[in-house]
Amino acid sequence: MKNLFDPALVDDTQTRILLLTAENQPSWGTLNVSQALVHCALGFEMATGALKTKRAPFPATLFGRVIKPFIFRDNKPMRRNSPSAPELFTGNTAGYHFINERSRLLEEMHRFAARGPAGCTHQPHPFFGPLTPEEWAILMYKHIDHHLRQFGA
């Protein structure tokens, strides 16, 4: 399984992030490229415990437990318009600067990878519930890959 504890995959992902420009348009969804960069950086903060999230309400948590094995069984990409924790979206988008947000995402990704399994949070994922460090690393790759594909990178 592809995961962001693999240094070669981190390097490949960094290359893809650096291909993005402020002019990239999404193939789906409502986020612009700067918003997607912030969203992905917040995802890494969630995975390390720096960003606290609330559990999704029932029945979403039940559905999350049911589909969790399907998400973590192979390298199949995430589906378009997949739901996400509300904490991974910020209301203030006016102050986003593409270069700054891209740098922040790269820093968060490298910090996550460098910390390795010991750096992952023990708090449950809002939708899937408890995750192992390896599952966090898989999910973080699938999440960033999802948004890079959204913008053609």
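In this predicted model, helices H2 and H5 pack at an angle of about 175°, with their axes 10 Å apart. That angle is over 145 degrees, so the two helices count as roughly antiparallel to each other. On the H2 side the contact is built from Ala-36, His-39, Cys-40, Gly-43, Phe-44, Met-46 and Ala-47, and these meet Trp-136, Met-140, His-143, Ile-144 and His-147 of H5. Sorted by class, the residues in this contact come out as eight nonpolar, four polar and no charged.

H5 itself runs over residues 133-150, and its geometry checks out: at 1.5 Å a residue, its 18 residues should span 26 Å, and the end C-alpha atoms are indeed 26 Å apart. Most of this helix is covered, with 15 of the 18 residues buried. After H5 comes Gly-152, which has a positive phi near 75°.

H5 also packs against H4, the helix of residues 98-115, at about 160° and with 12 Å between the axes. This pair, too, is therefore roughly antiparallel, and H4 passes H5 in a left-handed crossing. Here Leu-105, Met-109 and Phe-112 of H4 touch Trp-136, Ala-137, Met-140 and Ile-144 of H5. The make-up of this contact is easy to state: seven nonpolar residues, no polar and no charged. Trp-136, Met-140 and Ile-144 turn up in the contact with H4 and again in the contact with H2.

H4 has a further partner in H1 (residues 7-19); the axes of these two helices come within 11 Å and cross at roughly 175°. With that angle, H1 is roughly antiparallel to H4. From H1 the contact takes in Val-10, Thr-13, Gln-14, Ile-17 and Leu-18, while H4 supplies Arg-102, Leu-105, Leu-106, Met-109, His-110 and Ala-113. By class this gives seven nonpolar, three polar and one charged residues. Leu-105 and Met-109 serve in this contact with H1 and also in the one with H5.

Two residues of H4 deserve a separate look. His-110 sits in this helix and is partly exposed, since its relative accessible area is 31%. Setting aside neighbours within four places in sequence, His-110 is in contact with Val-10 and Gln-14, both of which belong to the H1 side of the helix contact. The C-alpha atom of His-110 is also 9.0 Å from that of Leu-4, a residue 106 positions away in sequence. Arg-115, likewise in H4, is partly exposed because its relative accessibility is 44%. Its C-alpha atom is separated by 9.0 Å from that of Thr-48, with the two positions 67 residues apart along the chain.

Over in H3, Lys-68 offers a charged side chain in a covered spot. Its relative accessible area is 17%, under the 20% limit, so Lys-68 counts as buried. Beyond neighbours within four places in sequence, Lys-68 is in contact with Phe-128, Pro-130, Leu-131 and Glu-135. Glu-135 falls within H5, given that this helix covers residues 133-150. For a sense of the distances involved, Lys-68 and Ala-153 are 85 residues apart in sequence and 26 Å apart in space, C-alpha to C-alpha.

The loops hold a couple of backbone oddities. Phe-58 and Pro-59 are joined by a cis peptide bond, with omega at about 10°. Pro-59 is placed in the loop between H2 (33-48) and H3 (60-71). Further along, Asn-81 has a positive phi of about 60° even though this residue is not a glycine. Asn-81 lies in the loop between H3 and H4, and it is classed as exposed because its relative accessible area is 57%.

Conventions
Residues numbered from 1 in each chain as written. Predicted model: local features only at pLDDT ≥ 70, side-chain atom pairs only at ≥ 80, totals over all residues. Heavy atoms only, no water. Helix = DSSP H or I, 4+ residues; strand = E, 2+ residues; numbered from the N terminus. Expected span 1.5 Å × (residues − 1). Buried < 20%, exposed > 50% of the residue type's maximum accessible area, 1.4 Å probe, protein only. Axes fitted to C-alpha atoms, helices over the stretch in contact; angles between N-to-C directions. Parallel < 35°, antiparallel > 145°, perpendicular 65-115°, else oblique. Left-handed = near helix turned anticlockwise from the far one by under 90°. Contact = heavy atoms within 4.5 Å.
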